[in-house]
Amino acid sequence: PAMPTRVPTARVVRGAMAHFEEESAKPAAGYKPMMPTLPMLPAPTEVASPPAVQLNPMQQVQANVVEAGSKAKVIPIPAPPTLQVYGQKTPMIPAEPVIVGGPMSMTTDERVIVVDEWGNQIWDESIGWQPSRFYVLAEYLLWTTRGMHLPPLVTTSAPTVAQADAGVLGKDTTVLLYGNSYTNAGPTSGGRFMVGYSLDPCNFCMIEAGGFFLSPKHDNAAFNSNQFPYIARPFFDLNNGIPFRELTTAPNQGIPGNAAGIGFLTVDSSSQLWGAEANVRSLLWCGCNYQVTGLVGFRYLDLSDNLNIQENTLVQVGFAANPGSGEVDVKSGSIVTVNDRFSTRNRFYGGQVGGSVNWQFADRWSLIGNVKLGFGVTQQVVDIDGSQRIVPPGGGTPINFVGGLYAVPSNIGHHSQSQFGFVPEIGLKLNYQLTDNISVFVGYDFLFWSSVVRPGDQIDQFLDLNQVPQSGKPYPQAPQVRPVVPFQTSSFWAQGVNAGLMFRY
């Protein structure tokens, strides 16, 4: 966040303000002080000793600051502001003003800062009244995230194609309807909030905490037999070593042994990202129009994705189950529902370091660059579930099976692992100071996450059909038990523009 511009040194007067120079410390000829002096002040007057004339309270405070007999310049200034204490206004002039030296040795024209009795900075000669120790930041995000990759999920063929070849990948007659692409990749809105507090009046050390969120991103696709008489789901048949498919719908070609049905298939996916952080910031370097701060802190990120594939089929031509297979006959008029659900969640826990540069290039304009780098552990979770449901003609008792097509007993369940990960983030903001307390800005941010799991990458399309309910088993023994949970990881990023405001008080 933007912070007030400072010089390396300052002279602090508690309760009052004085500006003076020893004659021996006058700057060389032609030197122009880098910080502006107070406007509309009378010319300095020579004071060799306490004046004999009657002084007002403020002048008396200034005179007391000067050592007796020393030769210094005192700039008369208006009476100081007052503090509201228990409903009464009390002047901020202590009995004996205390001068506190700055944190570094003086090398340029000094600046006067006034603080109250509790150490709160209330006046800065260069920028006026400075009450800010708290700040609140709120901004609107319009970000784009990297979508999840999907394998080929839905295919079709012309209604005249032989049922044995319909929907099989690699056939010239097969058309890919959905998959082999990325989803949930469009822009989405969100917000970010941050609160901070300075541990000292000059904002040398601050603590801050906050977070951001992006609205859930949804994507869906639907295919019905009115558009595509053949709706198929492709896979590789490990039992026979060939590409194959499951038919959701198929036209009635009148061929004995061929099933037929009408209906639809839907693919729904969603994704959501949010995070939180807490940091300690410290001023590292500063000049007349720039300052550099460093930070250390903790970061948390949470990415959740869901993918659901559902078939709904009204059987027109049924088929009989093979004896001893454990399957059931599917009669004409039955309603078959098949579900495959893949969900993933990634949670990053780690520390982070970084910094920011604030460059004030005009009276009220500044450019702020931020860099953060987090290191830690990403906890990756994959949840897989699948089912089949057959409702006999006339609404009889439903028959339920564990397992759909891609989600069967060999991969159904809750699976987790932990991976080392790193999360860099960069940002750039153009800031405009509306008032002493309010600034507005626009900017750009880029966030990268080195290792995450996404639902589409956890679909194993190499199937042992003996595990798939109602697949027509038994089949020859497969060379390996599949599908499995591959725990295939990928990188993730989010980027976009933002706009917001910061309020200091």
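This tour moves through a predicted model, from its confidence profile to its largest pocket and then to selected residues.

**Confidence**

Begin by colouring the protein by pLDDT. The average is 82, and 74% of the residues score at least 70. Next select residues 31-53, where the pLDDT is below 50; beyond near neighbours in sequence, the model gives this stretch 38 contacts. Residues 124-130 also stay under 50, with 24 contacts beyond four places in sequence. Where pLDDT is low, the predicted coordinates should not be read in detail.

**The largest pocket**

Display the largest pocket, which holds about 920 Å³ of space. To centre the view, select Glu246, Leu247, Ala259, Phe319 and Gln470, which lie nearest the pocket centre among its 37 lining residues. Then show the strands β18 (242-249), β19 (260-286), β20 (290-317), β21 (335-360) and β22 (365-391), each of which supplies at least two residues of the lining. Strand β18 gives the largest share, six residues. Colouring the lining by residue class yields 21 nonpolar, 12 polar and four charged residues.

**Asp340**

Move along β21 to Asp340. This residue counts as buried because its relative accessibility is 0%, against a cut-off of under 20%. Which side chain does Asp340 meet in a polar contact of 2.6 Å? The partner is the side chain of Arg233. The side chain of Asp340 also reaches the backbone nitrogen of Ala407, at 3.3 Å. Select the surrounding contacts as well: beyond four places in sequence, Asp340 touches residues including Leu307, Asn308, Ile309, Asp385, Gly386 and Tyr406.

**The loop between β26 and β27**

Turn now to the loop that runs between β26 (462-463) and β27 (489-504), where Ser471 is found. The side chain of Ser471 reaches the backbone oxygen of Leu465 at 2.8 Å. Leaving aside neighbours within four places in sequence, Ser471 is in contact with Glu327 and Leu465. Draw a distance from Ser471 to Ser325: their C-alpha atoms are separated by 9.7 Å, although the two residues are 146 apart along the chain.

Gln470, one of the residues nearest the centre of the largest pocket, belongs to this loop too. With a relative accessible area of 13%, Gln470 is buried. Its phi is positive, about 55°, although Gln470 is not a glycine.

Continue to Pro474, also placed in the loop between β26 and β27. A cis peptide bond joins Lys473 to Pro474, with omega about 15°. Farther along, select Arg482 and Pro483: the peptide bond between them is cis, with omega near 15°, and Pro483 has its place in the loop between β26 and β27. Most residues other than glycine have a negative phi, and most peptide bonds are trans.

**Asn184 and Gly196**

Select Asn184, in the loop between β13 (181-183) and β14. Asn184 has a positive phi of about 55° without being a glycine. Is Asn184 buried or exposed? At 1% relative accessibility, Asn184 counts as buried.

Finish in strand β14 (residues 187-198) at Gly196, which is buried, with a relative accessible area of 6%. The C-alpha atoms of Gly196 and Glu208 are separated by 4.0 Å, with their positions 12 residues apart along the chain counted as their separation. Leaving aside neighbours within four places in sequence, Gly196 is in contact with Arg133, Phe134, Tyr135, Ile207 and Glu208.

How values were computed: Residues are numbered from 1 along each chain as its sequence is written. This is a predicted model: local features need pLDDT of at least 70, side-chain atom pairs count only at pLDDT 80 or more; totals for chains, interfaces and linings use all residues. Side-chain values use heavy atoms; hydrogens and water are left out. pLDDT is the predictor's confidence in each residue, from 0 to 100. Contact means heavy atoms within 4.5 Å. On a 1 Å grid over the protein atoms alone, a cavity is a set of points where a 1.4 Å probe fits but cannot get out, and a pocket is an open set with protein on both sides within 12 Å along at least five of seven lines; lining residues have an atom within 4 Å of a point. Grid points are joined across faces, edges and corners, and a volume is the space filled by probe spheres set on the points. Helices (H or I, at least four residues) and strands (E, at least two) are DSSP runs, numbered from the N terminus. Ala, Val, Leu, Ile, Met, Phe, Trp, Tyr, Cys and Pro count as nonpolar, Asp, Glu, Lys and Arg as charged, and the others, Gly among them, as polar. Buried means under 20% relative accessible area, exposed over 50%, partly exposed in between (1.4 Å probe, protein chains only). A polar contact is a pair of N or O atoms within 3.5 Å; within protein, one must be able to donate a hydrogen and the other to accept it, and residues adjacent in sequence count only if both atoms are side-chain atoms.
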